Each structure stands twice: as C-alpha cells, then as structure tokens.
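Colleague: I'm new to this one, so could you walk me through it?
Modeller: Sure, here it is; ask away.

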Amino acid sequence: MHLENKKVGIIGTGKMGQSLLRGIIRAGKAKPANIYASDVYEPALQALKSELGINVSTNNFDTVDNSDLIILAVKPQILRNVLRGFADHINEHKLIISIAAGVPASTIEEELHEDTRVIRVMPNIAATVGEAASAVSTGKNASAEDAEIAMEIFSSVGSAALVPEHLMDAVTGVSGSGPAYIFPVIEAMADGGVLEGLDRESAQKLAAQTVLGAAKMVLETKKHPAELKDMVTSPAGTTIHGVHALEKNGVRAAFTDAVMASAKRSREMGK
Ligand SMILES: NC(=O)C1=CN([C@@H]2O[C@H](COP(=O)(O)OP(=O)(O)OC[C@H]3O[C@@H](n4cnc5c(N)ncnc54)[C@H](OP(=O)(O)O)[C@@H]3O)[C@@H](O)[C@H]2O)C=CC1
Ligand SMILES: O=C(O)[C@@H]1CCC=N1
C-alpha cells in the first residue's frame with residue numbers, strides 16, 4: 001500500500017490534526033479530495049472544507065468508512081471511547097495511525113479488532129511549520145510497508161525516525177513536549193534583551209533565530225554540542241560569563257528534569 005491515491009482519514013482536527021492535514025496537502029502526499037476529516041465542531045470543519053477542499057463530517061463513521069488509513073488525533077483521555085464508537089467499522093484492510101501521547105498500540109488493538117494494523121507516532125507541534133521531529137513505532141500487526149507509509153506521511157511535516165515502541169515515552173519527553181520547553185527559553189532570552197535595551201520585536205527575532213541557528217549547527221555539523229559551545233566561548237569573554245550564569249541556575253538539571261517528568265506522565269497515561 002503506497003500513499004499515493006490512498007484515502008487518508010483524520011479524526012480530530014485540533015492543533016495536531018490540522019497541522020498534519022495542512023502538511024500532507026502542502027507536500028502533495030494526498031489530494032484534498034482523498035482526505036476525510038471528522039471532529040465535533042461543524043463550523044470549524046466547514047471552514048477547513050472551504051479552505052482546503054477536503055471532505056469533512058461530524059460523524060467519525062464517514063472518516064473511517066471512506067479511508068484506507070486513519071490518523072487518530074484526539075486527546076488520549078477520550079481515545080478509548082472514540083475507538084469504541086467505530087470499532088465495528090474497522091477491518092484488516094484499514095491502517096490506524098495514532099499520535100495520542102502515552103497510549104500503547106496494544107490498547108488500540110484491544111479496543112478495535114485484534115488483527116488491526118496499528119502504527120504509533122509521536123510528532124510535535126512544529127509540524128505546523130514543516131519542522132516536526134517524529135518517532136514512528138509499529139504495533140504487532142503492522143507491516144514494514146505500513147511503517148513506510150507512516151514515515152512518508154510524517155516526513156512530509158519534518159523529520160521522522162523508526163523507534164521501538166518502549167522508547168515512545170522517552171521520545172515524548174524530549175521532542176513531543178520539547179517545543180514547550182523552548183518557547184519560554186526564547187521568551188526569557190528576549191526578556192533579557194529588553195532588559196538590556198532592545199525593543200521586544202528585535203529581541204524576540206534575535207532569540208528565535210539564535211535557537212534555530214544553534215539547532216541547525218548541531219544537526220548539520222553532527223558535532224557534540226559541547227564542542228560547538230566551545231567555539232563560542234572566548235577566554236575571559238562575554239559568552240563564558242553567560243554560560244556560568246546558566247550553570248549556576250541549574251539549567252541542565254532543569255531541562256533533564258523536564259524530559260523525565262514528561263516521560264513519566266506519558267507512562268502514567270499509558271496505564
Ligand atoms: N499538541 C501537541 O503538541 C501534540 C499532541 N499530540 C497528541 O495529539 C493528539 C491531539 O492533540 P491536540 O491536537 O493538541 O488536541 P486538540 O484538543 O487541539 O485536538 C483534538 C480535537 O479532537 C476533537 N474531538 C473531541 N472529541 C472528538 C470525537 N469524539 N471525534 C472527533 N474529534 C473529537 C476536539 O474537539 P473539542 O476541542 O471541541 O473537544 C479537537 O478539535 C493528542 O492525543 C495528543 O496527545 C502529540 C504530539 C504533540
Ligand atoms: O502535552 C501533551 O500531552 C501532548 C503530547 C506531547 C505534546 N503535547
């Protein structure tokens with residue numbers, strides 16, 4: 001099963017559902033006429049239909065019945081109920097792709113049909129701008145080709161890598177939740193700039209571009225971040241004074257703790 005000419009369904013057109021929809025269309029991975037989306041709020045669906053030309057419904061049956069693969073983008077807390085609502089409409093020909101945090105593929109198999117092909121993905125909100133970091137894992141019935149399809153979809157909104165499912169909580173801690181750790185960092189760096197006399201707009205642009213540039217250096221040079229940090233810190237210069245202030249405030253432990261707290265919550269949500 002290749003993505004081209006397949007009917008793609010999305011259940012839940014909130015923040016992530018919409019990001020994925022737009023990304024898939026932008027990348028030409030599916031024609032709008034082949035996309036079926038459902039959610040509970042009719043006016044928002046109609047707005048999506050007129051903007052993107054996709055098929056919409058407030059009835060998840062329409063999405064499930066018309067689609068070859070169905071992306072589940074509702075909150076984890078309601079996922080079981082949503083699955084129970086259409087379990088009778090699922091057969092082994094349909095591929096289920098869930099992005100719900102914490103919910104194991106086995107839970108979805110249990111609620112649907114024991115033979116259901118399930119792929120679990122943890123993307124992140126940067127899918128909105130085509131820069132998500134996604135991890136893809138396979139349920140017990142999903143084939144290598146199913147994983148390839150998921151990789152194709154999520155590669156269209158950023159980078160995607162295959163991981164064993166037991167690492168999904170760790171992935172959630174690092175990249176699923178990660179953008180929310182960085183936004184306050186950008187805001188705080190901009191605050192510092194404002195404190196030192198820059199206007200807010202310039203300070204925010206400088207801070208955001210700095211984060212983007214640093215990330216790009218790590219990805220493109222593949223050097224250890226410590227080596228890159230050393231390239232910025234002149235002896236007795238400005239940067240080492242800034243780095244010292246960060247270390248004094250426990251920046252490393254704060255970020256490591258954030259990743260661990262999110263991963264722990266993901267594990268709890270999976271129980
Ligand atoms: N936000 C993020 O950064 C990330 C989220 N995720 C995962 O993505 C999933 C979606 O998250 P997110 O987009 O943030 O959440 P949202 O609340 O923005 O989107 C969920 C959407 O589903 C709708 N919905 C509620 N009940 C139903 C139903 N019965 N049938 C169809 N649609 C329904 C909601 O409507 P209403 O609001 O009216 O209830 C809402 O529009 C979650 O499982 C989350 O764990 C994964 C990675 C990153
Ligand atoms: O906060 C959450 O639960 C979701 C999953 C990862 C990002 N947002």
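Modeller: One term before we start: two strands count as paired if DSSP finds at least two bridges between them. Keep in mind, too, that this is a predicted model.

Colleague: OK, so which residue of E6 stands opposite Ile96?
Modeller: Strand E5 covers residues 95-98 and strand E6 covers residues 117-122. These two pair in the parallel sense, over four bridges. Across from Ile96, in E6, stands Val118.

Colleague: Which strands are at the edges of the sheet?
Modeller: It's an open sheet of eight strands with mixed pairing, in the order E3-E2-E1-E4-E5-E6-E7-E8. An edge strand here pairs on one side only. That gives E3 (55-57) and E8 (158-162).

Colleague: At what angle does helix H6 run to E7?
Modeller: H6 takes in residues 144-155 and lies across E4, E5, E6, E7 and E8. Relative to E7, residues 132-138, its direction is at about 170 degrees.

Colleague: Are H8 and H9 parallel, perpendicular or oblique to each other?
Modeller: Helix H8 (residues 179-195) packs on helix H9 (residues 200-221) with the axes 8 Å apart, at an angle of about 135 degrees. Angles over 145 would count as roughly antiparallel and 65 to 115 as roughly perpendicular. Because of that angle, H8 is to H9 oblique.

Colleague: How many polar residues are in the shell around ligand 2?
Modeller: Around ligand 2 you'll find Ala101, Thr172, Gly176 and Ser177. By class, that shell has one nonpolar residue and no charged ones, and its polar count is three.

Note on methods. Residues are numbered from 1 along each chain as its sequence is written. Chains are lettered from A and ligands numbered from 1 in the order in which they are written. This is a predicted model: local features need pLDDT of at least 70, side-chain atom pairs count only at pLDDT 80 or more; totals for chains, interfaces and linings use all residues. Axes are lines fitted to C-alpha atoms, for helices over the stretch in contact, and angles run from 0 to 180 degrees between N-to-C directions. Angles under 35 degrees count as roughly parallel, over 145 as roughly antiparallel, 65 to 115 as roughly perpendicular and the rest as oblique. A residue is near a molecule or strand if its C-beta atom, placed from the backbone, lies within 6 Å of it. Ala, Val, Leu, Ile, Met, Phe, Trp, Tyr, Cys and Pro count as nonpolar, Asp, Glu, Lys and Arg as charged, and the others, Gly among them, as polar. Two residues are in contact if their C-beta atoms, placed from the backbone, lie within 7 Å.
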